[in-house]
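Colleague: I am new to this one. Walk me through it, and expect me to ask how you know.

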Amino acid sequence: MNPRLRFKRADGTDYPDWEEKKLGEILTQRREMQTISEEAPLLAFTIEDGVIDPKDKKTNKRDFLIKDKESKKFQLTKYDDIIYNPANIKFGAIHRNKFGQGVVSPIYVILTTNQNSGFLENYFKRRSFLQQTKKYLEGTVEKLRTLKSENFLSLSINLPCIEEQEKIADCLSSFDNLISIYNEQLKTLQEQKKGVMQKIFNQKVRFKKEDGTDYPDWEEKKIGDICKTFSGGTPRTGVEEYYNGNINFIRSGEIHDSNTELFISEEGLKNSSAKIVNVGDILLALYGATSGEIDLSKVNGAINQAILCIRPQEGFNKKFIVEIFRYNKNNILKFYLQGGQGNLSAQNILKLNFPFPCLEEQQKIANCLSAFDEAIKIKKEQIKTAKELKKGLLQQMFV
């Protein structure tokens, strides 16, 4: 069985057909235990990034809250090992060690190979392969089911010769490198915007009028004094005619999106407390994991009770208000979250005081920060495109 897209030898001839192999034929479990040392520092393993330095802020550091680490033995891993988390492989927790030699928690399965580990990593991270592993998970509690190494090694894959593996891995690696570069550029843009916001909202940097003179001093304003606000509601579930319309139904996790998953009808709107909002309205998420998220609505639609629509009066720029909320988000959450789920109260939002410049300076600030947003948007689109191109190649390169 061969894929649709094949590489060829330098002389233009075909490589041999792909062959089915048991993973136990090409992978060997590494079982070397040792203590932490200068040559083998303690490393972390995450679903997103695989083997990383524990100092990296992306790790949850749970593996490193261990007593007597100096005397405890960990598993040795080396560059190009294949590592997976038996409990989380179904979520994609399988990676090639691209970091280097070190030790990790004994809970992980570490494998060496006589094949190209870059090729294998791309093969293993495909959705179809991860779906295949689910059949071999063991355990009675769904969340705690794991994939034992012997079950993993009993799986079969289709494998090209080493030389073709290397060409496939090099091709896909070029996309990974490009995505990594784009991600670094995105991170830089986000940090630059953050730094500019800090200087602007601390008033260390001020815009000037066209004639070079200063704008008036900023003045404290209460949100409730300068804005009208309202929340929405949800049409009763189970009533089909309420959900067969064409009105975008915006939920708290969708305030940044140009599309919504649900649509309601005029009948659903009429028979509920859902409220209509327009493109450009300020939407603030009040409930749960998205509490404090804020954006200008990308669609005309209706909102539920988890969203607060904020409409400022004349003399106040919507984009400026969005950015001052973003800048103060941590303080807002710190002082105003209520309840176990972490909900924001609309009444408390109305009590918030922020310093505001005159409208003309607000607009200049909004335009400055919008330029960052546009650059960030373009970079995210480049990342998305590169990932889609790689995904398309994967579908053609692998059986």
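**The four-stranded sheet**

Modeller: Let us begin with a sheet. This is a predicted model. Four strands form an open sheet in the order E2-E10-E7-E8, with antiparallel pairing.

Colleague: What makes E2 and E8 the edge strands?

Modeller: Strand E2 (27-29) and strand E8 (94-96) each pair on one side only. From one strand to the next, the twist averages 30°.

Colleague: How do you know that E7 and E8 pair?

Modeller: Pairing takes at least two bridges. Strand E7 (residues 82-84) and E8 have three bridges, in the antiparallel sense, so they count as paired. Within E8, Ile94 stands opposite Tyr84.

Colleague: Which helix packs on the sheet?

Modeller: Helix H2 (residues 117-124) does. H2 touches E2, E7, E8 and strand E10 (109-113). The direction of H2 makes about 160° with that of E8.

**Two covered helices**

Colleague: Why is H2 called mostly covered?

Modeller: Buried means under 20% relative accessible area. In H2, eight of its eight residues are buried. Among them are Ser117, Glu121 and Asn122, along with Phe119 and Leu120.

Colleague: What is found at the start of H2?

Modeller: A side-chain oxygen of Asn116 comes to within 3.0 Å of the backbone nitrogen of Gly118. The cut-off for a polar contact is 3.5 Å, so this pair is inside it.

Colleague: And how many residues of H8 are buried?

Modeller: Helix H8 (residues 318-327) has seven of its 10 residues buried, and is mostly covered. The buried ones include Phe320, Ile321, Ile324 and Phe325, and also Lys319 and Glu323.

Colleague: Which residue caps the N-terminal end of H8?

Modeller: Asn317 does. One of its side-chain oxygens lies 2.9 Å from the backbone nitrogen of Lys319. Set that against the 3.5 Å limit, and it counts as a polar contact.

**The nonpolar cores**

Colleague: Which residues touch the most other members of the largest nonpolar core?

Modeller: Leu23, Phe124 and Phe152 do, in a core of 31 residues. Leu23 touches Phe124, Phe129, Phe152, Leu153, Leu155 and Ile157, leaving aside residues up to four places away in sequence. There is also a second, separate core of 29 residues, which includes Leu286, Leu308, Ile324 and Ile332.

**Strand E17 and its partners**

Colleague: What makes you say that both faces of E17 are covered?

Modeller: Strand E17 (residues 282-285) has Ile282 and Leu284 on one side, and Leu283 and Ala285 on the other. All of these are buried.

Colleague: Which strands does E17 pair with, and over how many bridges?

Modeller: With strand E18 (residues 294-296), E17 pairs over three bridges. With strand E20 (residues 307-312), E17 pairs over four bridges. Both pairings are antiparallel. Asp295 in E18 is the bridge partner of Leu283. Leu308 in E20 is the bridge partner of Leu284.

**The cysteines**

Colleague: How many disulfides does the structure hold?

Modeller: Zero. Cys171 is in no disulfide, and the nearest cysteine sulfur, that of Cys161, is 16 Å away.

Colleague: Why is Cys227 not bonded to Cys309?

Modeller: The cut-off is 2.5 Å between the sulfurs. Cys309 holds the closest cysteine sulfur to that of Cys227, at 9.9 Å, so the gap is too far for a bond.

Colleague: Why does Cys227 count as buried?

Modeller: Its relative accessibility is 6%. The limit is under 20%, so Cys227 is buried.

Note on methods
Residues numbered from 1 in each chain as written. Predicted model: local features only at pLDDT ≥ 70, side-chain atom pairs only at ≥ 80, totals over all residues. Heavy atoms only, no water. Core = buried A, V, L, I, M, F, W, Y, C linked by side-chain atoms within 4.5 Å. Buried < 20%, exposed > 50% of the residue type's maximum accessible area, 1.4 Å probe, protein only. Contact = heavy atoms within 4.5 Å. Axes fitted to C-alpha atoms, helices over the stretch in contact; angles between N-to-C directions. Polar contact = N/O pair within 3.5 Å; in protein donor to acceptor, adjacent residues only side chain to side chain.
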